[in-house]
Amino acid sequence: MPFANFKVPAGSLDEKEKKEIVIRATQLFVDIYGERARATTLVLVEEVTDGGWGIGGDVLTLAVLQGSTGD
């Protein structure tokens, strides 16, 4: 079963954008494995709490990602 797990900052995507991720990720697996993969492809879009992740040792928040310093 093809599986894709997307972790995104909470509040950064609306329902339409999450649906688009599911559709496009599924289609990617279909393009690679053929139509047989569509029925068994699992796509999980997980929202990570603000400040619950980081890159390079720096904690990231939605404000940081959007370019706002909060000042």
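## A tour from the aromatic pair outward

A search of the whole structure, which is a predicted model, finds one aromatic pair. Select F29 and Y33, whose rings form that pair and are stacked, with 6.2 Å from centre to centre and 15° between the planes. Rings of Phe, Tyr and Trp (its six-membered ring) pair if their centres lie within 6.5 Å, and planes under 30 degrees apart count as stacked, over 60 as edge-to-face and the rest as tilted. Both residues belong to helix α1 (residues 15–33), where, being four residues apart, F29 and Y33 are separated by about one helical turn. Helices (H or I, at least four residues) and strands (E, at least two) are DSSP runs, numbered from the N terminus. F29 is buried at a relative accessible area of 16%, whereas Y33 is partly exposed at 42%; buried means under 20% relative accessible area, exposed over 50%, and partly exposed in between (1.4 Å probe, protein chains only).

Before moving on, note that residues are numbered from 1 along each chain as its sequence is written. In this predicted model local features need pLDDT of at least 70, side-chain atom pairs count only at pLDDT 80 or more, and totals for chains, interfaces and linings use all residues, while side-chain values use heavy atoms, with hydrogens and water left out.

**From F29 to T41**

Next select T41, which sits in the loop between α1 and β2 (42–48) and is buried, with a relative accessible area of 14%. Not counting residues up to four places away in sequence, T41 touches P2, T26 and F29, where contact means heavy atoms within 4.5 Å. If you show the backbone of A37 as well, you will find its oxygen 2.6 Å from a polar atom of the T41 side chain.

**The nonpolar patch**

Now show the surface and select M1, F3, L42 and L44, which make a nonpolar surface patch of about 420 Å². Patches are made of residues with over 30% relative accessible area and no salt bridge, like charges being joined within 9 Å and nonpolar side chains (Val, Leu, Ile, Met, Phe, Trp, Tyr) within 5 Å. The accessible areas come from the Shrake-Rupley method with a 1.4 Å probe, and for residues only the protein chains shown count as cover. Of these patch residues, F3 lies in strand β1 (residues 3–9) and counts as partly exposed at 44% relative accessibility.

**K18 and the salt bridges**

Return to helix α1 and select K18, which counts as buried at 14% relative accessibility. Leaving aside its neighbours within four places in sequence, K18 is in contact with L13, V45 and E47. The K18 side chain also meets that of E15 in a salt bridge (3.2 Å, N to O), a term that stands for a side-chain nitrogen of Lys or Arg within 4 Å of a carboxyl oxygen of Asp or Glu. K18 and E15 are three residues apart in helix α1, and are therefore separated by about one helical turn; E15, in contrast to buried K18, counts as exposed at 60% relative accessibility.

By this rule the count comes to five salt bridges, and another of them can be shown by selecting E20 and R24, whose side chains meet at 3.9 Å, N to O. E20 and R24 are four residues apart in helix α1 and about one helical turn separates them, with E20 partly exposed at a relative accessible area of 39% and R24 exposed at 58%. Then select E35 and R38, which form a salt bridge with their closest N and O atoms 2.5 Å apart; R38 counts as partly exposed at 35% relative accessibility. Salt bridges that share partners also join E15, K18 and E47 into one network, so selecting these three residues together displays it.

**Two distances to end on**

Select L65 in helix α2 (residues 62–65), a residue that counts as partly exposed at 43% relative accessibility. Leaving aside its neighbours within four places in sequence, L65 is in contact with P9, W53 and L60. The C-alpha atoms of L65 and S12 are separated by 9.4 Å, with the two residues 53 apart along the chain.

Finally, select Q27, which is found in helix α1 and counts as partly exposed at 31% relative accessibility. Drawn from C-alpha to C-alpha, the line from Q27 to G51 spans 31 Å in space, and these residues are 24 apart in sequence.

Definitions and conventions: A polar contact is a pair of N or O atoms within 3.5 Å; within protein, one must be able to donate a hydrogen and the other to accept it, and residues adjacent in sequence count only if both atoms are side-chain atoms.
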